[in-house]
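Welcome, and please open your viewer. We will move from stop to stop, selecting a few residues each time and looking at what is around them.

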Amino acid sequence: KLNFLLLLCFCLSISSSSGTTGVDINVQTSIDTFSCLTQAGYSFTVVSCWNGDGSADPNCPHTVYNAWDGGMSHVDVYVTPCTNLTAAEQVNATISYLASYNTNYGQIWFNIQQNDNEGCGWGPEWASNCNYLGELLLAAQSQGINPGVLTSQTAWQEIMGGCYAANSFALWYVDDDNQKNFNDYTPFGRWGSPAIKQFTANTQLC
């Protein structure tokens with residue numbers, strides 16, 4: 001069995017009045033595992049495609065293929081940015097990498113949490129970090145990609161402070177309270193409401 005982060009989504013692209021559950025994946029995952037997840041009621045996944053050390057995730061393209069082939073109805077990808085590279089460099093490299101494998105995906109989510117990779121972490125200045133995030137979002141939009149932000153309220157405050165550069169984009173927030181609802185959500189970053197919640201970490205499935 002693999003460990004998964006469990007997600008709840010109320011998304012326009014994944015229509016459901018009661019929410020849809022999915023998984024966050026950062027390891028190579030087989031078609032059989034995705035088929036098992038689909039049968040267990042998980043219908044979407046978000047796959048890591050860019051690592052926090054500034055390199056492409058080698059497991060990404062085939063994991064995305066396998067997700068579709070295993071029956072997932074929606075597949076997104078996420079990027080953990082390394083601030084040693086420019087925002088445009090990373091976005092363009094990620095998109096080019098995925099295109100080189102003819103990878104089919106929905107959104108790109110930017111993982112705005114602490115990055116412990118040497119030389120790649122966020123700086124101490126909130127304004128600089130906010131500007132960098134704005135550049136990531138703009139770079140994705142300029143390539144015709146719909147971006148979103150993955151973060152927690154704590155991480156956002158530590159890294160971005162009062163930044164609201166992303167409030168017009170979808171929010172995926174982290175609160176591992178094991179509650180499959182958004183009742184815990186307290187607005188931050190000027191987001192009125194979230195799109196996705198990570199509600200459970202490291203759950204063994206399939």
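Start by selecting helix α3 and colouring its buried residues: Ala-87, Gln-90, Val-91, Thr-94, Ile-95, Tyr-97 and Leu-98. Buried here means under 20% relative accessible area, with exposed over 50% and partly exposed in between (1.4 Å probe, protein chains only). Helices (H or I, at least four residues) and strands (E, at least two) are DSSP runs, numbered from the N terminus. The buried residues of α3 cover an arc of only 160 degrees around the axis, which puts them on the same side of the helix; the arc is that of the directions from the helix axis to the C-beta atoms.

Before going on, a word on what you are viewing: this is a predicted model, in which local features need pLDDT of at least 70 and side-chain atom pairs count only at pLDDT 80 or more, while totals for chains, interfaces and linings use all residues. Residues are numbered from 1 along each chain as its sequence is written, and side-chain values use heavy atoms, with hydrogens and water left out.

**What α3 packs against**

Now show β3 (44–50), α2 (60–69), β4 (74–79), β5 (108–111) and α4, against which the buried residues of α3 pack. Just after α3, pick Asn-102, whose phi is positive, near 50 degrees.

**A covered strand**

Next, select β5. Which residues cover its two faces? Ile-108 and Phe-110 are on one side, Trp-109 and Asn-111 are on the other, and all are buried. In a regular strand the side chains alternate between the two faces of the sheet. Add β4, which pairs with β5 in the parallel sense over 3 bridges; two strands pair if DSSP finds at least two bridges between them. Tyr-78 stands opposite Trp-109 in β5.

**The nonpolar cores**

Keep Phe-110 on screen and add Ile-112, Leu-133, Trp-156 and Met-160: these five have the most contacts inside the largest nonpolar core, which has 48 residues. Helix α4 (residues 126–142) gives the most to this core, with 7 residues. Such a core is a set of buried Ala, Val, Leu, Ile, Met, Phe, Trp, Tyr and Cys residues joined through side-chain atoms within 4.5 Å. Centre on Leu-133: not counting residues up to four places away in sequence, Leu-133 touches Ile-112, Val-149, Trp-156, Met-160 and Ala-166, where contact means heavy atoms within 4.5 Å. A second, separate core of 9 residues includes Val-46, Trp-172, Val-174 and Ala-195.

**Aromatic rings**

Now colour Trp-156, Tyr-173, Phe-182, Tyr-185, Phe-188 and Trp-191, a cluster linked by ring pairs. Rings of Phe, Tyr and Trp (its six-membered ring) pair if their centres lie within 6.5 Å; planes under 30 degrees apart count as stacked, over 60 as edge-to-face and the rest as tilted. By this rule the model has 10 aromatic pairs. Zoom in on Trp-156 and Phe-188: their centres are 6.4 Å apart and their planes are at 55 degrees, so the pair is tilted. Trp-156 lies in helix α5 (residues 153–160) and Phe-188 in the loop between β7 and β8, so the pair ties together parts 32 residues apart in sequence. Both residues are buried.

**Last stops**

Select β7 (residues 170–174) and β8, which run parallel and are joined by 3 bridges. Tyr-173 has Lys-197 as its bridge partner in β8. In β8 (residues 196–205), 7 of the 10 residues are buried.

Finish at Gln-143, in the loop between α4 and β6 (147–151). Is Gln-143 buried or partly exposed? Gln-143 is partly exposed, with a relative accessible area of 40%. Leaving aside neighbours within four places in sequence, Gln-143 is in contact with Asn-92 and Ile-95.
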